[in-house]
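User: I should like to understand how the terms used for a protein structure are justified. Please show me the structure, and I shall ask about it step by step.

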Amino acid sequence: MPQVPQTFDALAVRTWCGLALEALGRAREEIDAINVYPVADGDTGTNLYLTLESATAAVEAVFAGHEVGGHEAGGRDEAGGGKPTLADAVRAMAHGALIGARGNSGTILAQLLRGMAQVLAADSETAHTDGPGLRLALRQAADSARQAVAHPVEGTVLTVASAAADAANGAEGDCGTVARAAYEGARAALAATPGQLAVLARAGVVDAGGRGLVAVLAALVETFTGEAPRMRLGSPEVHARVAAVVTDVDIFGAGIGGVHPDVCEDGAPEEGGPAFEVIYLLEAEDAAVDRLRGRLDRLGNSLVVVGGDGLWNVHVHVDDAGAAVEAGVEAGRPYRIRITHFGLGDVHTGGPGRPPRERAQRAVVAVVPGEGLAGLYAEAGATTVLARPGEPPASGELVEAVRRAHAREVVLLPNDAELRHTAAAAAEQARADGVRVALIPTRSAVQGIAALAVHEPERRFDEDVVAMTSAAGATRYAEVAVAERQSWTMAGICQAGDVLGLIDGDVAVIGSDITTTAESVLDRMLSAGGEMVTLVLGDEAPDAIAAHLESRVRESYLAVDTVVYRGGRQGALLLIGVE
């Protein structure tokens, strides 16, 4: 048997995250298929996987940072090298899950991990690294997740988490013993969920979020024992137990805990419910978040707000998506805003007893750097992935976007040279799912705009890809940004605060004024000719810069048209494209 950790240390966190990610990867499609509550949108397994992928990446980054520090310090732990502390690892896990949480289930999972981290990373005289410490962590996880949900419903992942904590509380022994007790308690509670939630009983399935949590707890057992629990999520034993519970409900007329499946409070599925799912990260104070909870609760349902210490993840289902975002703006600074429409033409309306939506023949999936561009691309029919400066999307997010596009053929536009490998990995994974994917190596959002302008879904796939690739390749791209620090560039040495003009990825102009630098960049680009200039303004670009550059083009370059878009928080002050 391989050596396993005896206590909850940083290596145990790393191992657990890796094993849990593998388990959710194997079970993702099965969990997606049984997702009927609160919305039958078939994405619970995917959302859980993407959330844990973000948590795992954060833990790996902490280990990588300490390994680099160890090499620089000669491998001495006391100099900052070696392995991270337990507090380092669990805080990274919780933060990674928080910023990467997707959907209702992923948001709750993020709070479960945060609750555990609050105990395991606590500064106290007694270290919570043994069995009793794990018991406390599981209890805090279940309680904090329940508190984060505006209207908790039994028969969901919250019930499974509470059952796991209750079972762990009665276990005496090391971490392996406590983890196994929690797993067994969760598994039993999972099998009982159809008796608590009528929509599950009607569909003949267990709760999807609860099944995901059982997979995560099974990985915890394997972390501390070296042996994975024998029963898998898709085993006949689970289905037999589910059938038995549903049969018992029919015979005795009451669900588990005395809750009749037909009168479960707040337990109706959201058929005919809110039209939009709204998710965003929010930087805000605690008091502002308390007010936000009340406002969003009045706007919609399925409200989950998780996080703390100034950073929150907000999830809600509403009819007025704009009002939900505006509420976030009033509370603080929302970003990574993601809005999904539960419309009649959306994949979310699949679900049990309803024929799945027919796949579109072709779709475009694009990575975009700002909310304004996301709207522009969406109006052109593209499925978008929003990239925040300094936080590029993972391959799993691109794969999820391809699945959301729900098409037989997909054109993928990464719009960033640094994303070429990530996009290639996502394309390969999507092809394994049976989707025909063409990756066009666009290096800027303005090249993506040019490609979208010639996109014609009616023509043959290969012809469409060639036309889009040619349009993108014929578009030179530039950006104007402010230097963050002193650096050597192709145009000389820049200082922090200098205005940089980058053409095709290289610094070509160093200046002190934004408008003057942008004009110089534009002149250089048009000196080689051009027919169309595209300007995408960031939030911090000067108000008059667009009018100035439009006037410059009109007066100095004949037969050259200019189009201006608002990009929002896109990182660069200005993006320029010349076709």
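Analyst: This is a predicted model. Leaving aside its neighbours within four places in sequence, threonine 56 is in contact with Cys17 and Leu21.

User: What makes Cys17 and Leu21 count as being in contact with threonine 56?

Analyst: Contact requires heavy atoms within 4.5 Å. Cys17 and Leu21 are both listed as contacts of threonine 56, so each has heavy atoms within 4.5 Å of that residue.

User: Where is threonine 56 placed, and why is threonine 56 called buried or exposed?

Analyst: Threonine 56 is in helix H2, which covers residues 44-72. Its relative accessible area is 9%. Buried means under 20%, so threonine 56 is called buried.

User: How do you know that the side chain of threonine 56 makes a polar contact with leucine 52?

Analyst: A polar atom of the threonine 56 side chain lies 2.8 Å from the backbone oxygen of leucine 52. The cut-off for a polar contact is 3.5 Å; the distance of 2.8 Å is within it, and therefore the pair meets that limit.

User: What makes aspartate 320 a cap of helix H12?

Analyst: A side-chain oxygen of aspartate 320 lies 3.3 Å from the backbone nitrogen of glycine 322, at the N-terminal end of H12. That distance is within the limit of 3.5 Å, so it satisfies the distance condition for a polar contact. Within H12 (residues 321-331), the buried residues include Ala321, Val325 and Gly328.

User: Why are strands E9 and E12 said to pair?

Analyst: Two strands pair if there are at least two bridges between them. Five bridges join E9 (residues 476-482) to E12 (residues 499-503), so the condition is met. These two strands run antiparallel. One bridge joins valine 482 to its partner in E12, valine 499.

User: Which strands are the edge strands of the open sheet, and what makes them so?

Analyst: The open sheet has six strands in the order E13-E12-E9-E16-E14-E15, with mixed pairing. Strands E13 (506-511) and E15 (561-568) are its edge strands, as each pairs on one side only. From one strand to the next, the twist averages 20°.

User: What packs on this sheet?

Analyst: Helix H19 (residues 545-556) does, touching strands E14, E15 and E16. The direction of H19 makes about 170° with that of E14.

User: How many helices and strands does the protein chain have, and what share of its residues is buried?

Analyst: The protein chain has 19 helices and 16 strands. Of its 579 residues, 55% are buried.

How values were computed: Residues are numbered from 1 along each chain as its sequence is written. This is a predicted model: local features need pLDDT of at least 70, side-chain atom pairs count only at pLDDT 80 or more; totals for chains, interfaces and linings use all residues. Side-chain values use heavy atoms; hydrogens and water are left out. Helices (H or I, at least four residues) and strands (E, at least two) are DSSP runs, numbered from the N terminus. Buried means under 20% relative accessible area, exposed over 50%, partly exposed in between (1.4 Å probe, protein chains only). A polar contact is a pair of N or O atoms within 3.5 Å; within protein, one must be able to donate a hydrogen and the other to accept it, and residues adjacent in sequence count only if both atoms are side-chain atoms. Axes are lines fitted to C-alpha atoms, for helices over the stretch in contact, and angles run from 0 to 180 degrees between N-to-C directions.
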